[in-house]
Amino acid sequence: MAGNEGNSNKNNNNTPDHDSPYYLHTYDYPRQMQINEALSDKNYADWIQEMNNFLFVKIKIGFIDGTIEKPKKALKGHMTWMRCDTMIKGWLTTTMEKERRGSIEYANTASEIWRDLRERFGKESTPRAYELKNQLTITRQDRTSVSAYYTKLLPLWDEI
C-alpha cells in the first residue's frame, strides 16, 4: 500500500497504487500546471492557494510540508522520492515569473522552495505586510460601485 515497502508506488498485486504520494501518472510533466497567473511579487496569496489545491489533488502536499521525508540514499525508496520531488520542483518553478525562478534554482528540494517563498511573500514577511497596508490605504472607491470597491478590498483584507 501507499508508503509501505520502501515507499513503493505499487500495491501487492504489482499494479500502480494511485493513492500513493509516490505515484506519478504518465501524463505528469513539469509544465502541466495551468494556473491563472504566474507567481509575481503581488499575487502570492492567490498562487499559493492554487498550488495547494493542485498538490493536494496530486497527493503531493507531504513533499512540500515535510511530512514525507527524503529517504537516505541507501534505502529502496530514495530514487522514487527524488523523482517525485523533482517533478514537484518543476511544477513550482514553471508557475513562477522568470525573475522569481533565479532565486530558488539551487534549492535541493521542493520543500526548500516552498519555505523560501513563504518567508519572502508570506504573511510573516514585514515588507509584504507594509506593502499590503499601503495598498489598502490608497485604494479608493472613486466612481465604482460598492460591490466593485468591496471586491478590490477583500483580497487585501484576506491577505493582511
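Ile59 is partly exposed in this predicted model. Its relative accessible area is 31%. The residue sits in the loop that links α1 to α2. Its phi is near 60°, a positive value in a residue other than glycine. A positive phi also occurs at Asp142, where the angle is near 50°. Asp142 belongs to the loop between α6 and α7 (146-159). This aspartate counts as exposed, because its relative accessibility of 66% is over the 50% cut-off.

The chain contains seven helices and zero strands. Along the sequence the pattern reads α-α-α-α-α-α-α. Of the 160 residues in the chain, 35% are buried. Among contacts with a separation of 6 or more, 54% are between residues 24 or more positions apart.

Confidence varies along the model. The mean pLDDT of the chain is 82. A pLDDT of 70 or more is reached by 84% of the residues. Helix α2 (residues 61-65) has the highest confidence, with a mean of 94. Confidence is lowest in helix α6 (residues 126-138), where the mean is 78. Over residues 1-6 the pLDDT is below 50. Beyond near neighbours in sequence, this stretch still has 12 contacts in the model.

The largest nonpolar core holds 26 residues. Trp47, Leu55, Ile88, Leu92, Met96, Trp114 and Leu117 touch the most other members. Helices α1 (44-57), α2, α3 and α5 each supply at least two residues of this core. Leu92 illustrates the packing. Leaving aside neighbours within four places in sequence, Leu92 is in contact with Trp47, Met51, Ala110, Ile113 and Trp114.

Helices α3 and α5 also form a pair. Two packed helices are described by the angle between their axes and the distance between the axes. For α3 (residues 78-93) and α5 (residues 110-121), the axes come within 8 Å. They cross at roughly 35°. On the α3 side, the contact involves Asp85, Ile88, Lys89, Leu92 and Thr93. On the α5 side, Ala110, Ser111, Ile113 and Trp114 take part. By class, this contact has five nonpolar, two polar and two charged residues. Ile88, Leu92 and Trp114 appear both in this contact and among the core residues that touch the most other members.

Two buried residues with polar side-chain contacts were examined in turn. His78 lies in helix α3. Its relative accessible area is 7%, under the 20% cut-off, so His78 is buried. A polar atom of the His78 side chain lies 2.9 Å from the backbone oxygen of Pro71. Not counting residues up to four places away in sequence, His78 touches Lys70, Pro71, Lys72 and Lys73. Pro71 is thus listed among the residues in contact with His78, and its backbone oxygen provides the 2.9 Å approach.

Arg100 is placed in helix α4 (residues 98-101). With a relative accessible area of 12%, Arg100 is buried too, because this value is under 20%. The side chains of Arg100 and Asp41 are joined by a polar contact of 3.0 Å. Not counting residues up to four places away in sequence, Arg100 touches Leu39, Ser40, Asp41 and Phe121. Asp41 is therefore one of the residues touched by Arg100, as well as the partner in the polar contact, which falls within the 3.5 Å limit.

Definitions and conventions
Residues are numbered from 1 along each chain as its sequence is written. This is a predicted model: local features need pLDDT of at least 70, side-chain atom pairs count only at pLDDT 80 or more; totals for chains, interfaces and linings use all residues. Side-chain values use heavy atoms; hydrogens and water are left out. pLDDT is the predictor's confidence in each residue, from 0 to 100. Helices (H or I, at least four residues) and strands (E, at least two) are DSSP runs, numbered from the N terminus. Contact means heavy atoms within 4.5 Å. Axes are lines fitted to C-alpha atoms, for helices over the stretch in contact, and angles run from 0 to 180 degrees between N-to-C directions. Ala, Val, Leu, Ile, Met, Phe, Trp, Tyr, Cys and Pro count as nonpolar, Asp, Glu, Lys and Arg as charged, and the others, Gly among them, as polar. Buried means under 20% relative accessible area, exposed over 50%, partly exposed in between (1.4 Å probe, protein chains only). A polar contact is a pair of N or O atoms within 3.5 Å; within protein, one must be able to donate a hydrogen and the other to accept it, and residues adjacent in sequence count only if both atoms are side-chain atoms. A nonpolar core is a set of buried Ala, Val, Leu, Ile, Met, Phe, Trp, Tyr and Cys residues joined through side-chain atoms within 4.5 Å.
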